Amino acid sequence: MVCAVGAACAQDGIVDEVKLGVLAHGITFYEDPVETGVDINGEAYFHRLFDPLDVLGMAVSFRPDVGTSIATDGTTSILYAGLSMDIVFARDVFRPGDGFFIEGEFDMAVHDGYLDGGPPDRKDLGSRFLGRRAGEIGYQIDPQWSISAMIDHIGNYGLATPNAGLKTAGIRIGFKF
């Protein structure tokens, strides 16, 4: 729900929002892809930790999250949890209740892929537990529905060998309760 800074928003139940999406698995920018395919992504966001902060007229809020990306072709799937930072940078653009947002996530992830010595068509991720960063930009259609584009990356960030990461990107639909 797009709330004005300082405005009271109802917080019924535990989950604030769910997002479902389809992601391209194993995207790369400068190298040949090793794992490819399609992931189904689902994520639940819990209620924000405190009232939104007003930063230069933008509403900034922090919410715990938990999610999964399931590889449909048997490659690496993940389960993750952490913290989301949501920034609503434009409200009531085309009609009351809509708006544009960006989101960043910082999570811990666990995966079912290879650590080392996997076949040539699979990533060797070096550690069972990885860090996850994600970025999203979207449009809040109304107080309940949103659509967004998302990219994420899991990796061990040099804390284990090998140090291959895995990226996915795609679109998601969100529903706020």
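Two rings of Phe, Tyr or Trp count as an aromatic pair if their centres lie within 6.5 Å. Keep that in mind as we work through this predicted model.

**Exercise 1.** Find how many aromatic pairs the structure holds, then classify the pair of phenylalanine 50 and phenylalanine 62.

*Solution.* Start with the total: there are seven aromatic pairs. Next, look at phenylalanine 50 and phenylalanine 62, whose ring centres are 5.8 Å apart with 45 degrees between the planes. Planes under 30 degrees apart count as stacked and those over 60 as edge-to-face, so this pair falls into the remaining class, tilted. Finally, place the partners: phenylalanine 50 sits in the loop between strand S2 and strand S3, while phenylalanine 62 belongs to strand S4, twelve residues away.

**Exercise 2.** Do the same for phenylalanine 89 and phenylalanine 100.

*Solution.* The centres are 6.3 Å apart and the planes differ by 25 degrees. That angle is under 30 degrees, so the pair is stacked. Phenylalanine 89 is in strand S5 and phenylalanine 100 in strand S6, so the pair ties together parts eleven residues apart in sequence. Ring pairs also join Phe89 and Phe100 with Phe94 and Tyr139 in a cluster.

**Exercise 3.** Decide whether serine 61 is buried or exposed, and list its contacts.

*Solution.* First, locate serine 61 in strand S4. Its relative accessible area is 12%. Buried means under 20%, so serine 61 is buried. Leaving out residues up to four places away in sequence, serine 61 touches Arg48, Pro52, Ser84, Met85 and Asp86.

Methods:
Residues are numbered from 1 along each chain as its sequence is written. This is a predicted model: local features need pLDDT of at least 70, side-chain atom pairs count only at pLDDT 80 or more; totals for chains, interfaces and linings use all residues. Side-chain values use heavy atoms; hydrogens and water are left out. Helices (H or I, at least four residues) and strands (E, at least two) are DSSP runs, numbered from the N terminus. Buried means under 20% relative accessible area, exposed over 50%, partly exposed in between (1.4 Å probe, protein chains only). Contact means heavy atoms within 4.5 Å. Rings of Phe, Tyr and Trp (its six-membered ring) pair if their centres lie within 6.5 Å; planes under 30 degrees apart count as stacked, over 60 as edge-to-face and the rest as tilted.
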